[in-house]
Amino acid sequence: MKVLFVTSEHPKRTWGGLGTFTREFTKVLRKYCSVVVVYFHFDCDEPPLPDSTVDYVLVPEKKFKAFAPEAKILETAASLRSQLQPIMNIFNPDVIHCNDRQTYLPFRFDKNVFYSSHLLFCDLISMQGLDDLYFQELKIEKSALTNSCLSAFYSEFAYKRATKIIAGKFNPVILPLGFNPEKFKNSLEQKEKTKINVGYFGRFENLQKGFLEFINAVNLLGKNFKEENNVEYFLYGRGSISKHVDLSLFNEPKFLEGEELYTAYSKMDIVVMPSKYEPFGLTGLEAMASGCLLLVTTGLGMDTYIQCGKNCLEIPHDYEGISKILEDAIINLENYKSVRECAIESVKKLTWDKCVRAHFYFYSLISQKRFININLAYRPELYNFLATINSHKDKKNEQSKKEYECLNKFMNKMINENSFDKKRSLVVTNFLDKSKIIDKYLWCDCINLLEKSENEILYRSECLPFVEKFYDYVIAINYFETCLDIESSIQELFRIAKEKIYIFINKNIENNLQTYFVTDVEEFVENIKNNLKYEFDFCMKTENQNFNLFCFENIKQKENSITNVLLS
């Protein structure tokens, strides 16, 4: 596979999130496939030369006298596309990964674009920043989300922000971000015992970061509290601070990066993250990896990795509330040692390798041109449905028990009849814990369509991750009751099955954990026969009080039928 990765923030810009993403992500991605990295240089200074990360540096040329923002943007896109075309002709990428909105327009008419949204929809808090140029960028990102094959978000919060702004169809996936926890010194014993260090890391900006709320919270605690508890307060970040802000209780603000930044984290006992809007919140990960007690707001991108009370403490947005939590954290710091230890452990799983493997799966779908399956499987409706499912834990558990009872009885029967002897088999389920299947039936694979995999990938019935005829037997239970498109979901089963398909149909009354319910069994089977591009022998029998069992055998493709392009 060949991936063209395009960015507008240079990877040497260590304090920029996009630069770090490009540098670390592409370094690991090159282990999996062929990668060409292109950097668009929009600044007025001298462009950097290609290096070990960036293969091409392109600078837009101005050959048309453009004055309006729209005209300038289109002229830039046309210039960059003309420079890109020779690269694309030689490299011929299977996937074009546009890593931010400013890279998208040159690829507006390409079908194989994977777009990752890191900033805009989370940063656009109000109309205060909506000038002429920013308005055009908003339109560009809307176009990117609407027209790209897939759009990646790195938290549920970021995805929800997008759905509130964008009008139109798009295909979102929520993927994990990577990070290097090993760079941060995380031994709690290294923290200074003589004093307590409390820090803020981030931009000196209040609209999004809540910077002033932290300062006001510290000032509310006062000078006497600082001296009595031997506390030092630190501000690390970029930007200017108004001379009217009282910083008398703080050490001099600094901007740090690289080893200096890691060292500063290692000396912190408490890190306060009072963000009001945050797409992911890398600062929180860095603080947790360093063994700091993280005080953080909830309901934002940090919800991806925080568990308040377990690996961090929750704070409100107002400075009075922050002051109370901070006071308790300082006075009772030793009591939160287990929280800090849990934080260190919980961030270890957020590796760049996991991040790349999750992206690579969707790259594969795009490179194999499974566009129809992608469009049917990954839609905003999916995440709305998952939210409904997760809000009914009791019904999920009840359904899981029914699935396990039925499946266990069926599997044991088939084993006794030697039906599974030397057969490569797959169980597809929705509510059942797949570990119960894998642990008990070692020869059988299992995927759960409502839970993310180990690589944080959500597999869907409309787009199963297997090549044609990959399994001899496929056993599906409650399979299409939670699908978004019934025909493509059943078609996928026939695509991957070589010999037999067993489908357990829920025959109970309709419930709110279903998107599809069979009311007429005969009509359902007749529709399968008429609409599928496969021929088969069919039989049906009642398995138990909860499910009917449908069996499809002797599966073969109909003549003059073209199978979907397969995932390799």
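## Close-up views of a predicted model

**View 1. The second largest pocket.** The second largest pocket holds about 1,100 Å³ of space. Keep in mind that everything shown here comes from a predicted model. The lining of this pocket counts 38 residues, and those nearest its centre are Glu156, Ile174, Asp303, Thr304 and Lys452. Which helix gives the most to the lining? That's α5, with 7 residues. Both α5 (156-165) and α13 (380-390) bring at least two residues each. Sorted by class, the lining has 18 nonpolar residues, 10 polar ones and 10 charged ones.

**View 2. The largest cavity.** Here we look at a space of about 50 Å³, the largest cavity. Its walls come from Val173, Ile174, Leu175, Phe362, Tyr378, Tyr383, Lys452, Glu456, Ile457 and Leu458. You may spot two names from the previous view: Ile174 and Lys452 line this cavity, and they are also among the residues nearest the centre of the second largest pocket. What classes of residue make up the cavity lining? There are 8 nonpolar and 2 charged residues, with no polar ones.

**View 3. The second largest cavity.** The count of cavities of 30 Å³ or more comes to 2, and this is the second largest, at about 30 Å³. Leu18, Asn99, Asp100, Arg101, Tyr115, Ser116, Ser117, His118, Leu119 and Glu141 form its lining. By class, that lining splits into 3 nonpolar, 4 polar and 3 charged residues.

**View 4. Helices α7 and α8.** Let's take α7 to begin with, which runs over residues 259-267 and has Leu261, Tyr262, Ala264, Tyr265 and Ser266 buried. Covering those buried residues are, among others, β8 (196-201), β9 (231-236), β10 (270-273) and α8 (282-289). Now for α8: 7 of its 8 residues are buried, so this helix is largely enclosed by the rest of the structure. The buried ones are Thr283, Gly284, Leu285, Glu286, Ala287, Met288 and Ala289. Their cover includes β8, α7, β10, β11 (293-296) and α10 (337-346). So what do you find just after α8? There sits Gly291, with a positive phi of about 80 degrees.

**View 5. Glu213 and its surroundings.** Glu213 is part of helix α6, which covers residues 211-228. Is Glu213 buried or exposed? With a relative accessibility of 14%, Glu213 counts as buried, because the cut-off for buried is under 20%. If you skip its neighbours within four places in sequence, Glu213 touches Asn206, Lys276, His317, Asp318, Tyr319 and Ile322.

**View 6. Lys209 and Glu278, a salt bridge between two loops.** Side chains of opposite charge can pair when their charged atoms come close. In this pair, the closest N and O atoms of Lys209 and Glu278 are 2.8 Å apart. Lys209 belongs to the loop between β8 and α6, while Glu278 belongs to the loop between β10 and α8, so their salt bridge ties together parts that are 69 residues apart in sequence. Both partners are buried: Lys209 has a relative accessible area of 13%, and Glu278 has 7%.

**View 7. Two salt bridges with partly exposed partners.** Arg203 pairs with Glu205, their closest N and O atoms being 3.8 Å apart. Arg203 is partly exposed, with 38% relative accessible area, and Glu205 is partly exposed too, with 23%. The other bridge joins Glu381 and Arg379, with 3.5 Å between the closest N and O atoms. Here the partners fall on opposite sides of the 20% cut-off: Glu381, at 41% relative accessibility, is partly exposed, whereas Arg379, at 17%, counts as buried. Elsewhere, salt bridges with shared partners link Arg23, Glu24, Lys27 and Lys183 into one network. How many salt bridges does the whole structure have? The search finds 24.

**View 8. Stepping back to the whole protein.** Zoom out and you can count 17 helices and 18 strands. The C-alpha trace spans about 80 × 65 × 40 Å along its principal axes. For 568 residues, a compact globule would have a radius of gyration near 24 Å, and the protein's 27 Å agrees with that. Buried residues account for 55% of the 568. And of the contacts between residues at least 6 apart in sequence, 68% join residues at least 24 apart.

Definitions and conventions
Residues are numbered from 1 along each chain as its sequence is written. This is a predicted model: local features need pLDDT of at least 70, side-chain atom pairs count only at pLDDT 80 or more; totals for chains, interfaces and linings use all residues. Side-chain values use heavy atoms; hydrogens and water are left out. On a 1 Å grid over the protein atoms alone, a cavity is a set of points where a 1.4 Å probe fits but cannot get out, and a pocket is an open set with protein on both sides within 12 Å along at least five of seven lines; lining residues have an atom within 4 Å of a point. Grid points are joined across faces, edges and corners, and a volume is the space filled by probe spheres set on the points. Helices (H or I, at least four residues) and strands (E, at least two) are DSSP runs, numbered from the N terminus. Ala, Val, Leu, Ile, Met, Phe, Trp, Tyr, Cys and Pro count as nonpolar, Asp, Glu, Lys and Arg as charged, and the others, Gly among them, as polar. Buried means under 20% relative accessible area, exposed over 50%, partly exposed in between (1.4 Å probe, protein chains only). Contact means heavy atoms within 4.5 Å. A salt bridge is a side-chain nitrogen of Lys or Arg within 4 Å of a carboxyl oxygen of Asp or Glu. The radius of gyration is taken over C-alpha atoms; the globule rule is 2.2 Å times the number of residues to the power 0.38.
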